[in-house]
Amino acid sequence: TNTPTPTNTPTLTPTPVLTGTPTPTPTNPPPTPTPTAPKPTNPPSASIAKPRITLSNVTGGKRVTIASDTSGAEIRYTVNGDAPSLSSPLYSAPFDLTESKTVKAVAVIGGAVSAAAEMDVIVPRCEPPVASPGNGQALPAGTKITLRSATSASTIYYTLDGAEPGVNHGERYTGSVTLLENMTLKAVTVRNGYRDSEIFSADYTVLENTRDTAFISVGSDMARPGETVSLPVTVQAEDAITGFAFYIRYPWDLFESKAVLEPMPNVAVSSQEISPGLLRVSYNGSALSSGSIGDLILTVQESVYNGEYTLEIPDENDAAYAPSVTTTGVKPSVNTLSGVLTVRDSYNSRLVADVSLKTASGGIINSASDLRDGMEIRPDISVTDRPADLRTANVFLAVYDRSGCMTDLQVWEIDLSNPLSLVQTLSIPEGVQIGSVKIMILDDSLVPVMAAKEL
């Protein structure tokens, strides 16, 4: 049998058996990413002039004027430190700032912007008025109350009805205010280019004059380091005064020399310093009318920092130094009014802050008698106003023994933008009989801040 031979028979290749996981072959691989060009950020255009920022003084602060020398340009600006952009506020007219800010501005034409102009606008704050007698007291009718501020070239406005004083409300202070009836005295210091001061407020009541009550007072005032002040000392009674004796305690280490009482003409008042910082004043002679018996003269040392210092007249509860007054009538009991000398540096600090002294557990320390050697203490600093460019300040804490010698000085820097930096726990040295403690804060120009405190 003839068997046909196949022609063109394909050769079959066996299919391999796969063991394991096959690697897929992509059929449509993704395209290679193409880098995206960054969006334009409106780089500064050299053809557009940078704006000009100028300042002028106005009541309560500074007036900011921004101008461009490029015709047709609009101005965008910020006052919070951010860089200005096309979406920033549009400048249309001068504006006023009542606190320190950083002003930045750019000129814009279409989508093109100029280089940014920048200015730190410093708005210092006026120092508040100080009243003498101060703090709100019961005083005899007819008492003259004076007002003064440490801010030079400033004006004080006041009210007597409890309303808030200001340029547009209240009386301009030109001389002492006479106490005729119970009143609330409020006063504010203003100056062009400055932020208005805090409001001083005190309630005064008229002391009823009775034959069985007398009144002894020393005035309050304000002074700068190196300045001499005269504080009026008065003795008042219903009947004519035939004699008196009282003491004035003062912080003797603040002054160049001993305090001196300069008596009124033809009034033979004697005074003697019994011990450092303790002056005895006395009189025994012909009958005197109520009123000033003389002036307490004090010269502040150049090295004294800002602070408020008490000139104390001990009252009848002080057995060792109780005051006494004799008259042509009945023997009266005696009310006393201590004075306060407020020391201010010649320059205004760029920083406004409050400071108190606390225990490590947070309790308030009111006097040096609350302190013990080895005790942990914490100055509590609260910053209420500062210019944007003021970021640090220095704190000095000095401890004095009972003889007035400094036994410890601790200095540290605080970051004004970091609240945690304002908290510092310190220790009073061991073995010290503490006489006083002084806390001082200095701004970046080493100008003392009003927050200086003495215990």
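Me: What makes the sheet with the order β9-β15-β14-β11-β12 a mixed one, and which strands are its edges?
Reply: This open sheet has 5 strands, and its pairing is listed as mixed. The edge strands are β9 and β12 (171-172), as each pairs on one side only. Keep in mind that this is a predicted model.

Me: How do you know that β11 and β14 pair?
Reply: Two strands pair if there are at least two bridges between them. Strand β11 (residues 155-159) and strand β14 (residues 183-190) have 5 bridges, in the antiparallel sense, so they pass. For a spot to look at, tyrosine 158 stands opposite alanine 187 in β14.

Me: What about the open sheet of 3 strands: why are β8 and β13 called edges?
Reply: Its order is β8-β10-β13, with antiparallel pairing. β8 (130-132) and β13 (177-178) each have a single partner strand, so one side of each has no neighbour in the sheet.

Me: How do you know that β10 and β13 count as paired?
Reply: Strand β10 (residues 144-148) and β13 share 2 bridges, in the antiparallel sense. The cut-off is at least two, so that is enough. Lysine 144 stands opposite threonine 178 in β13.

Me: Lysine 144 turns up at a pocket too, so which residues are closest to the centre of the second largest pocket?
Reply: That pocket has a volume of about 330 Å³. It is lined by 19 residues, and the closest to its centre are Pro133, Thr143, Lys144, Pro232 and Thr234. Several strands each supply at least two lining residues, among them β10, β16 (213-218) and β18 (228-237).

Me: Why is the contact between aspartate 69 and arginine 52 called a salt bridge?
Reply: Their closest N and O atoms are 3.0 Å apart. A salt bridge needs a side-chain nitrogen of Lys or Arg within 4 Å of a carboxyl oxygen of Asp or Glu, so this pair makes it. Aspartate 69 lies in the loop between β2 and β3 and arginine 52 in strand β1 (residues 52-58), so the pair ties together parts 17 residues apart in sequence.

Me: Are those two residues buried or exposed?
Reply: Aspartate 69 has a relative accessible area of 56%. Exposed means over 50%, so that label fits aspartate 69. Arginine 52 comes out at 41%, and partly exposed is the range between 20% and 50%, so arginine 52 is partly exposed.

Me: What makes aspartate 96 and arginine 63 a salt bridge?
Reply: Their closest N and O atoms are 2.7 Å apart, and the limit is within 4 Å, so the pair counts. The pair links distant parts of the chain: aspartate 96 is in strand β4 (residues 95-97) and arginine 63 in strand β2, 33 residues apart. Both are partly exposed, aspartate 96 at 41% and arginine 63 at 35%.

Me: How many salt bridges does the structure hold?
Reply: There are 9. Another one of them joins aspartate 318 and arginine 249, with the closest N and O atoms 3.0 Å apart. Aspartate 318 lies in the loop between β24 (307-311) and β25 and arginine 249 in strand β19, so this pair ties together parts 69 residues apart in sequence. Arg148, Asp221 and Glu227 are also linked in a network of salt bridges.

Me: What makes the phi of asparagine 266 worth a look?
Reply: Most residues other than glycine have a negative phi. Asparagine 266 is not a glycine, yet its phi is positive, about 65°. The place of asparagine 266 is the loop between β20 (260-263) and β21 (270-275). With a relative accessible area of 84%, asparagine 266 is over the 50% mark, so it is called exposed.

Me: And which residue takes a positive phi in the hairpin of β21 and β22?
Reply: There, glycine 277 has a positive phi near 85°, and the hairpin has 2 residues between the strands. β21 and strand β22 (residues 278-288) run antiparallel and are joined by 5 bridges.

Me: Which residues make the nonpolar surface patch of about 270 Å²?
Reply: Met406, Leu409 and Val411 make it. A patch residue needs over 30% relative accessible area, and methionine 406 has 45%, so methionine 406 clears that bar. Methionine 406 is found in strand β31 (residues 406-415).

Note on methods:
Residues numbered from 1 in each chain as written. Predicted model: local features only at pLDDT ≥ 70, side-chain atom pairs only at ≥ 80, totals over all residues. Heavy atoms only, no water. Helix = DSSP H or I, 4+ residues; strand = E, 2+ residues; numbered from the N terminus. Buried < 20%, exposed > 50% of the residue type's maximum accessible area, 1.4 Å probe, protein only. Patch = residues over 30% accessible without salt bridge, like charges linked within 9 Å, V, L, I, M, F, W, Y side chains within 5 Å. Areas by Shrake-Rupley, 256 points an atom, 1.4 Å probe, with all protein chains shown as cover. 1 Å grid on protein atoms, 1.4 Å probe; cavity = no way out; pocket = protein on both sides within 12 Å on 5 of 7 lines; lining within 4 Å. Points joined across faces, edges and corners; volume = space filled by probe spheres on them.
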